[in-house]
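Subject: Structure handover and notes

Hello,

Here is the structure I said I would pass on. Please look it over before reading the notes underneath.

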Amino acid sequence: MTFTKASPLQRLIQHWRADPSVGANVTEWRLIPAQAPKFAPFPEELHLDLIEALTRRGITALYIHQVGAFTRARRGEHVMVVAASASGKSLCYHLPILDTLIREPGARALYLFPTKALAQDQFTSLNNLINALPEPLIAEGLPVSTYDGDTPHRIRPTIRSVARLLITNPDMLHVGILPHHTEWSNFFRHLRFVVIDEAHIYRGVFGSHLANVLRRLQRIAAFYGARPQFILTTATLANPHEFAARLIEAAVSIVDEDGAGRGPKHFVIYNPPLTDEKLGLRRSALQESVRLADDLLAYGIQTILFGRSRRTVELILRYLRESSGISISIENKDEAIRGYRSGYLPAHRRHIESGLRSGVVRLVAATNALELGVDIGGLGASVLVGYPGTISATWQQAGRAGRGQEPALALLIATSDPLDQFLANHPDYLFGRSVEHALINPNNLLILLDHIRCAAFELPFQQNETFGNLPADKVTEFLDFLVSERILHASGGRYFWMADQYPAQAVSLRSASADAVLLQVWEEDHATTIGQMDRHSALWMTHPGAIYLHEAQMYLVEELDLSKNIAQLRPVDSDYYTLPRSETTVQHLDTFAEEQQNGVIKAHGELQVTRKVVGYQKIRWYTHEILAVEPLDLPPTELLTTGYWLALEDIIVDTLRQEGLWRNDPNDYGPNWEVQRERARRRDSFRCQICGAPEQGRSHDVHHRQPFRLFPSYLQANQLENLVTLCPNCHRRAEAAVRVRSGLAGLGYIMGHLAPFFLMCDPTDLGVHIDPASPLATGKPVVVLYDMTPGGIGLSTRLFDLQDELLARAAEQVAGCPCADGCPSCVGPGGAGLANTPTPGGASYGGKLETQAILSAILDAIHK
């Protein structure tokens, strides 16, 4: 009898199933069966030299989707290929383009990739295919060039004159090619193809910008007499046809029968165990990911571990390198365990990618920067620390695991986020629900105006000229506005650029700021740049006093100079990390629609959101104890957008108030407050009772040890033994540790966390704001969910329509949570510092009961 030796993955799965510390916390263990490949012979029309090149590279047949894309492209159709990760999508555009360029020596092609890393990866892939051509002269006649911000200036003229296949990214096309089209005249005159790879990335603001960049590209190509054909590839989308047609403003042929084979995949959803059922607290997903990653490394399974943010990646990397278990099996942890995210310099990222392909890197902790199709080899496991935010991204990240027909593992570790908990307890929503719609709005007023400026700089507008599908009369309105601003000059039926500035440089395709902040570390007498980030992110991540993590090394931010766009850092070994604190105000500009529902008002409209980073918390590693709360004075950021809001009428609020289930009224400390306050300060000798600081220039604060609103009367709340004198800094720390979560805050928390799933958008696409006396509804309590994209992309309209389902699922999640009075998995945490403190009259701190009462009242009202 012959026995087949179990693979490392099979042995690990057996171990986890038998280990109660793992198996007992698995809420879903689903085996996705293997898929046999579906091949088709080489198309008869495919050039024989290309068939020879493919054969030399071990490819003797094509997947059906590769043949389908080639056939449609040969017919001159615009094509979008929809297929999973590692399915050979690149051949879907390489083959028809190379076939044409071999037959037509003058033809040119433009490849657009969303990242430089992906562009470099495809540069190598494309050159390998060209170099396999049997005729050296043909290969030499197909020069491939990358053209991006890293391209040396001395070789750029040569690229402009000889490149037939140009690989770049949307940002470089926008700022470095289109404004200088006269230097590229021969290239544009013969432009036959434009490739848009990983098109699903171009949602929201980035996609809305790209659609306008493509309008400008087609306008310039038409000026030189060319009409390029588009080939797009994407991960699975709910609306590929609609999205592609909106992006390029033309009819698109969809190829969506994926013929690539793949091995079986174990998809496991793991919910960390409860550590305090009453408080609903679970073990940290970060700590559990480190424990399970330790097992993967011990069993020799090469792994990619995805974190939702740059900070998460760096925390995991630090914890992994400090893990004692890992040091037993791997000697060089710094080389074997790496981080990968935006902000790392290009050479650094290429080194890590190479290490993954060679096997030197055994585990990489990454953001979604590695979600895209960069070649990192076939990995054995993909660990997702928290739901990535969209179903599409979940399958993209899970798809990073798998070598051919070998079994693979995808492990989703749920965080305490309500959406993660919802999916952990309702896994069929993940496996059965369709992937997201990709939404863009090319005619967003602010974005459109920016690109009409850029287009006018590139070529004068003719009178009655359209811009993409924007009618001529609308274009004229914009042009006349720019004339009034002395940016354009109208003469002879044309609009000419007359301003001094170069408009494309002032328009960022990916964020509200076109400027990047450099992260510099001073060593002796020179500065080393270790990374960069946009200005908006810099306010959050590199504010003065922040602990910034880079490849698990900690740096203290000593200065953020926004006038020079430089953050000065120095290496430190700190026992804490930092989290920023912000304040948000929302101003009502316009109401698009409003509906009253028996005590509830729902509406959506135009808003101005002002956000300001006002301070930060110092939090101890591992224990997450708040050590200090420090103030900051940084400039605010403003966002003109659209939003949805839910307002409660007086009839609902009065009923809740009568039942003792409304905590949003401002505190009235009573007529004896000033007297008691002075008595407390005098008793404490006018010194802070935590740090001992004396009063200097201003009176210290007086803090209620147990929150005022939990007492039935001000007389009890203001008793001297419940008061303590604190300096402003210690008072902020005490307030942060002792929070009383209101029902309205709990409602905003659960709605904001569940909404992205039902909207099928990314969590970062939405902002949440609560106001117990909002100007949006004449002083009524309001929960606002607003679009984080300037001008909005339609999320508020969909929220307006989806409100009832969202509220029903929110009520279900709160009711089903095992916590006693609120936790991060339902209405948000209350005051952790008071968790085991008896409360006067048995009052609660977490707000769960209040939130349930509000949800019940709303649902009753809208279903009457």
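The notes below go through some helices first and then a few single residues. Please keep in mind that this is a predicted model.

Helix α9

Of the eight residues of α9, six are buried, so this helix is largely enclosed by the rest of the structure. The buried ones are Pro-170, Met-172, Leu-173, His-174, Gly-176 and Ile-177. Their cover includes the strands β5 (108-112) and β7 (165-168), together with the helices α8 (156-162), α10 (185-189), α11 and α21.

Helix α21

Helix α21 covers residues 445-458, and its 14 residues should span 20 Å at 1.5 Å a residue; the C-alpha atoms at its ends are 20 Å apart, which agrees. At the N-terminal end, Asn-444 acts as a cap, with a side-chain oxygen 3.1 Å from the backbone nitrogen of Leu-446.

The buried residues of α21 are Ile-447, Leu-448, Leu-449, His-451, Ile-452, Cys-454, Ala-455, Ala-456 and Glu-458. They pack against three helices and three strands, namely α9 (170-177), α11, α22 (472-484), β19 (461-462), β20 (488-491) and β21 (494-497). Helix α11 thus appears in the surroundings of α9 and of α21.

Helices α11 and α12

Two packed helices are described by the angle between their axes and the distance between the axes. For α11 (residues 204-223) and α12 (residues 240-248), the axes come within 7 Å and cross at roughly 50 degrees. The two helices are therefore oblique to each other. On the α11 side the contact is made by Gly-207, Leu-210, Ala-211, Leu-214 and Gln-218, and on the α12 side by Arg-246, Leu-247 and Ile-248. Sorted by class, this contact has five nonpolar, two polar and one charged residues.

One residue of that contact can be followed further. Gln-218, in helix α11, has a relative accessibility of 28% and therefore counts as partly exposed. Not counting residues up to four places away in sequence, Gln-218 touches Phe-230 and Ile-248. Its side chain reaches the backbone oxygen of Ile-248 at 3.4 Å. As for a distant part of the chain, Gln-218 and Leu-560 are 342 residues apart in sequence, and their C-alpha atoms are separated by 41 Å.

Helices α19 and α28

A second helix pair is α19 (residues 418-425) with α28 (residues 743-759), which pack at an angle of about 60 degrees with their axes 8 Å apart. That angle makes α19 oblique to α28. Pro-418, Leu-419, Phe-422 and Leu-423 make the contact from α19, while α28 brings Tyr-749, Ile-750, His-753, Leu-754, Phe-757 and Phe-758. The contact of α19 with α28 divides into nine nonpolar residues, one polar and no charged.

Single residues

Which residues does His-604 contact, leaving aside its neighbours within four places in sequence? They are Thr-591, Phe-592, Ala-593, Gly-643, Tyr-644, Trp-645, Ser-796, Thr-797 and Phe-800. His-604 itself lies in strand β28 (residues 600-620). Its relative accessibility is 8%, so it counts as buried.

Ser-323 sits in the loop between α14 (310-322) and α15 (324-329). With 12% relative accessibility, Ser-323 counts as buried. Ser-323 and Leu-656 are 333 residues apart in sequence, and the C-alpha to C-alpha distance between them is 50 Å.

Two asparagines with positive phi

Most residues other than glycine have a negative phi. Asn-565 has a positive phi of about 55 degrees although it is not a glycine. Asn-598 also has a positive value, with phi near 55 degrees.

Where are they placed? Asn-565 is in the loop between β25 (553-561) and β26 (566-571), and Asn-598 is in the loop between β27 (576-596) and β28. Are they buried or partly exposed? Asn-565 is buried, at a relative accessible area of 14%, whereas Asn-598 is partly exposed, at 46%.

Regards

Definitions and conventions
Residues are numbered from 1 along each chain as its sequence is written. This is a predicted model: local features need pLDDT of at least 70, side-chain atom pairs count only at pLDDT 80 or more; totals for chains, interfaces and linings use all residues. Side-chain values use heavy atoms; hydrogens and water are left out. Axes are lines fitted to C-alpha atoms, for helices over the stretch in contact, and angles run from 0 to 180 degrees between N-to-C directions. Helices (H or I, at least four residues) and strands (E, at least two) are DSSP runs, numbered from the N terminus. Angles under 35 degrees count as roughly parallel, over 145 as roughly antiparallel, 65 to 115 as roughly perpendicular and the rest as oblique. Contact means heavy atoms within 4.5 Å. Ala, Val, Leu, Ile, Met, Phe, Trp, Tyr, Cys and Pro count as nonpolar, Asp, Glu, Lys and Arg as charged, and the others, Gly among them, as polar. The expected span of a helix is 1.5 Å times one less than its number of residues. Buried means under 20% relative accessible area, exposed over 50%, partly exposed in between (1.4 Å probe, protein chains only). A polar contact is a pair of N or O atoms within 3.5 Å; within protein, one must be able to donate a hydrogen and the other to accept it, and residues adjacent in sequence count only if both atoms are side-chain atoms.
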